[in-house]
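Colleague: Please take me through this one step by step. I would like to hear the reason behind each label you use.

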Amino acid sequence: MSQPASQLLEQLRLPDDLLDLDNSQLSQLANEMRTRMIDTVAKTGGHLSSNLGVVELAISLHRAFQSGSDRIIWDVGHQAYAHKLVTGRTGDFDRLRQTDGLSGYPSRSESVHDLVENSHASTSISYALGMAKARLEGDESYVVAVIGDGALTGGMAYEALNHLAQEKPARVVIIINDNGRSYAPTVGGLARHLAALRVDRRYEGTKKALGKALRDIPIIGEAADEGARRVKESFKQLVQPSTFFDVLGLKYTGPIDGHNFEALEATFERAKGIDEPVVIHILTEKGHGYQPALDDDHERLHAVGPFDIPTGKQ
């Protein structure tokens, strides 16, 4: 039975509670979360627009992965407001950035769901790789790093990507939260299809089986396998040129609409079926759902002091 619209956010106690919501309730919850953020930040100040942009991403992440056993790392840390709301801190959210209240960043003293205390640190991929390498035998948990396009400019992120491409641990997902103009999205139906195909477990299984069959052919097997690989790569280049991640040898898919629950969750589920690291490129809109932020051409009300909600004026 559907809960009254005004009670969805208030009744969230654990991330697993999100699994009980249908599509219409997810949209309502996203609206409630944005309203709570705007109401709170209007009084306390804080980072507003980037958090408004990651609401659907945070909800979908916590539906696809099991925070607590799976490890979710936010970088930049000031984009973790939605994450806080869905991990049992709704009742304390009004005291955001206040003495003895909630931190404006992930805080290990607040919650077991906050693993790394950071801001624009560019460290999430390094942490993800370290956590993946430290898993004990038999540990089937996932490690997920959400890195903002601003944090991706740090040199440490590139070092970590290079190391990740070398080690290629399984069950590691890197999510690029792109809310600016750092990447030019590919367009068209075929490009979208290929983006989804590249993290489809059926595609991976077929590719491996075909490669093995070709290599088993006496004399010409290796050449045939290499020829097939080159044909595939050449065709792909016609519709979707290589990204930096492809060049490193990392699985890449995207861009994905960061405000579409169905697209996000389907992509996360496909990525979970790949036995090597996957980079998922998510497009989000800073200030999504709040017109005064969208009308601010300069910073989209990025970091603000107390402000007037109808106008956005501080």
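**Helix α5 and its surroundings**

Modeller: Among what covers the buried residues of α5 are β2 (71-75), β3 (143-148), α6 (155-167) and β4 (172-178). Helices (H or I, at least four residues) and strands (E, at least two) are DSSP runs numbered from the N terminus. This is a predicted model, in which local features need pLDDT of at least 70 and side-chain atom pairs pLDDT 80 or more, while totals for chains, interfaces and linings use all residues. Residues are numbered from 1 along each chain as its sequence is written, and side-chain values use heavy atoms, without hydrogens and water.

Colleague: Which residues of α5 are buried?

Modeller: In α5 (residues 124-134), these are S124, I125, A128, L129, M131 and A132. Buried means under 20% relative accessible area, exposed means over 50%, and partly exposed lies in between (1.4 Å probe, protein chains only).

Colleague: How do you know that they are on the same side of α5?

Modeller: They span an arc of only 165° around the axis, and therefore share one side of α5. The arc is that of the directions from the helix axis to the C-beta atoms. An α-helix has 3.6 residues a turn, so residues three or four places apart point the same way. On the face of α5 turned away from its buried side sit K133 and A134, which are exposed.

Colleague: Why are α5 and α6 called roughly parallel?

Modeller: Their axes are 8 Å apart and make an angle of about 30°. Axes are lines fitted to C-alpha atoms, for helices over the stretch in contact, and angles run from 0 to 180 degrees between N-to-C directions. Under 35 degrees counts as roughly parallel, over 145 as roughly antiparallel, 65 to 115 as roughly perpendicular and the rest as oblique. The pair α5 and α6 is therefore roughly parallel.

Colleague: Which residues of α5 and α6 meet?

Modeller: I125, S126, L129 and K133 in α5 meet M156, A157, A160, L161, H163, L164 and E167 in α6. Contact means heavy atoms within 4.5 Å. By type, the residues of this contact are seven nonpolar, two polar and two charged. Ala, Val, Leu, Ile, Met, Phe, Trp, Tyr, Cys and Pro count as nonpolar, Asp, Glu, Lys and Arg as charged, and the others, Gly among them, as polar.

Colleague: What makes α3 and α11 oblique?

Modeller: Helix α3 (residues 55-64) and helix α11 (residues 261-272) pack at an angle of about 40°, with axes 9 Å apart. That angle falls in none of the three named ranges, so α3 and α11 are oblique to each other. E56, L57, I59, S60, L61, R63 and A64 in α3 meet F261, L264, E265, F268, E269 and K272 in α11. This contact has seven nonpolar residues, one polar and five charged.

Colleague: Why is K84 called buried?

Modeller: K84 has a relative accessible area of 0% and is therefore buried. K84 belongs to helix α4 (residues 81-85). Not counting residues up to four places away in sequence, K84 touches R89, S103, Y105, P106, E110 and D114.

Colleague: How do you know that S122 counts as buried?

Modeller: S122 is at 7% relative accessibility and so counts as buried. S122 is in the loop between α4 and α5. The C-alpha atoms of S122 and M156 are separated by 6.0 Å, although these positions lie 34 residues apart in chain count.

Colleague: What makes T123 buried?

Modeller: With a relative accessible area of 12%, T123 is buried too. Leaving out residues up to four places away in sequence, T123 touches D75, N118 and M156.
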